[in-house]
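The following account leads the reader through one protein model, from its strands to its helices and cysteines. Please keep the sequence and the structure in view while reading.

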Amino acid sequence: MRTLHSLQHYPSARPTLRRFSSLSVSSVSCLASTMTVGNMESAALFNAGKKGRGLRATKELSAGEVVFAEPSFSAVVFDSFTSQVCHSCFRHQAKLHRCAQCKFAHYCDRTCQTACWDEHKQECGAIKKIGKAPSENIRLAARVLWRIHKDTGIVSDSQLISVDQLEDHVADLPEEDLKQLKTDVHNFLEYWSYGRKQHSVDYISHIFGIIKCNGFTLSDQRGLQAVGVGLFPNLCLVNHDCWPNCTVILNHGNQSALSSALHSQRRIELRALEKIPEGAELTVSYVDFLNLSTDRQKKLKEHFHFDCTCEHCSQHIKDDLMMAATESEGNKSSADKVKEVTSFSKGCLEKIESSRIQGEYHEVVKLCRECLAKQENVLADTHLYKLRVLSVASEVLSYLQSFSEAADCARRMVEGYMKLYHPNNALLGMAIMRAGVTHWHAGEIEMAHGMICKAYGILMVTHGPNHAITRDLESMRTQTETELKMFKQNEDVYHTMRDAALKNQPMASKQ
């Protein structure tokens, strides 16, 4: 499956000085968008040579411009979030209303439930029939087939390809995956109920293959967690590049307006990351760039069954930075020393992850400090292993409220990221946002405000002004600007009020 956008966590709890003007989030409506859902005037299908089909720009596009927006053909919530996330808009909510019939699907309210009824109707009957809900893959495959039966594989004039014409790569699956596919098909046949309409094992396998290769993970409204998976036929035609010119985000739509005529549906948005000339191929990245080119190629081959020949892979661009050793006054660490520290770091990262999973956060901090000390003056700040340790350290230290040390780790991490990522990469923007909030917690208001403004600029391109994350950032930016003015007027008063606010601040929730 492909990940839509950054799923990095950012601290939600932050100190608010009571005297400061707590300005509200931008009042711009969630629905505001110049792009009509389904409008494909800015993109056209073309033969991309060895890559097969692709999409290219039919006009010049600006950074941040929505190339197209597309509702899901079908989508489901992951098994682990079925009672925590709305099955219609995919928003994470504390209190959800359960479907009275199947007692499985959950919704924000009756409005969301009504909007999702066409998708859920057949599923509801099937779940009641067998007494339980099957896994997410089976639920999605069933929703796809029910939609094909109802509307055929093409549901609008703007859809460029029928769902069942997408690549499945079943013939390329390894033995272990073929065993799982066989199990999924067997379980699907037990679940499937559509009158007399039956399908061959090969056709059902084809649908599962399509989902495996083309399903896109969907995040909650603030990009904190991957909560579901969906199929978007036009988006599936956008080919991969490790240094893409577009990115994809999920717009959760709006069902809160009093008039149903103003409601908007859940959809993905393909956004330009930079100026794209007319005729250029539109690309997104299926994997995180922060891996060596050979590792990215290996992941792409294993999961998507193609050999990446993009410029960054072919020329191994930035691989040297990702594995760089420190250099001071022309002197580098010996190859043996770099090898030793690299090996130590790899083992330490495994221990860090194990302790993190077990919730042993003080042990995580101890291991991170030990690893960073070992890496000092040996591995450069752009080295992947150092960046991974800094990322974990900053997050866990923030959770433990060791904000000054967390801020230092976050700053070093961001400095490394900025030398590696595309300047408008969503993951970079989210990391800078997280670092900004950490500096805010640490009382370093000037650095915090600068980082939050920097993150806001990036996410305005990747997410647009109306996404929940960007609107949160706008609120943060306004608040830090107010605090910065007070800081410059009287530092002592600022810190006194900040300390008082922090004493009343509850422990940040787990990330």
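**Strands, helices and cysteines**

Strand β5 (residues 74-77) is joined by 4 bridges to strand β9 (residues 226-231), and the two run antiparallel. Here two strands pair if DSSP finds at least two bridges between them. Within this pairing, Ser74 has Leu231 of β9 as its bridge partner. Both faces of β5 are covered, since Ser74 and Val76 on one side and Ala75 and Val77 on the other are all buried. Buried means under 20% relative accessible area, exposed over 50% and partly exposed in between, with a 1.4 Å probe and protein chains only. In a regular strand the side chains alternate between the two faces of the sheet.

The model is predicted: local features need pLDDT of at least 70 and side-chain atom pairs count only at pLDDT 80 or more, whereas totals for chains, interfaces and linings use all residues. Residues are numbered from 1 along each chain as its sequence is written, and side-chain values use heavy atoms, with hydrogens and water left out.

The protein has 15 helices and 15 strands; these are DSSP runs numbered from the N terminus, helices being H or I of at least four residues and strands E of at least two. Of its 511 residues, 53% count as buried. Among contacts (heavy atoms within 4.5 Å) between residues at least 6 apart in sequence, 72% join residues at least 24 apart.

An open sheet of 3 strands follows the order β4-β12-β11, with antiparallel pairing. Because β4 (66-71) and β11 (246-251) stand at the edges with a single partner strand each, one side of each is left without a neighbour in the sheet. From one strand to the next the twist averages 20°. The antiparallel pairing of β11 with strand β12 (residues 267-272) extends over 6 bridges, and Ile249 stands opposite Glu269 in β12. Helix α13 (residues 445-462) lies across β11 and β12, at about 115° to β12. Axes are lines fitted to C-alpha atoms, for helices over the stretch in contact, and angles run from 0 to 180 degrees between N-to-C directions.

Helix α3 (residues 175-191) packs on helix α4 (residues 201-214) at an angle of about 115°, their axes 10 Å apart. This crossing of α3 and α4 is right-handed, meaning that the near helix is turned clockwise from the far one by less than a right angle; anticlockwise would be left-handed. Residues of α3 including Leu181, Val185 and Phe188 meet residues of α4 including Ile204 and Phe208.

Helix α10 (residues 384-399) has 16 residues and reaches 23 Å from its first C-alpha to its last, close to the 22 Å expected at 1.5 Å a residue; the expected span is 1.5 Å times one less than the number of residues. Of the 16 residues of α10, 15 are buried. The axes of helix α9 (residues 361-375) and α10 come within 9 Å and cross at roughly 145°, in a left-handed crossing. Among the residues making the contact are Val365, Cys368 and Leu372 of α9 and Val389, Ala393 and Val396 of α10.

Why does Cys368 form no bond with Cys348? The sulfur of Cys348 is the closest cysteine sulfur to that of Cys368, yet at 7.1 Å is too far for a bond. A disulfide is a pair of cysteine sulfur atoms within 2.5 Å, and a search of the whole structure finds 0 disulfides. Cys368 is buried, at 2% relative accessible area.
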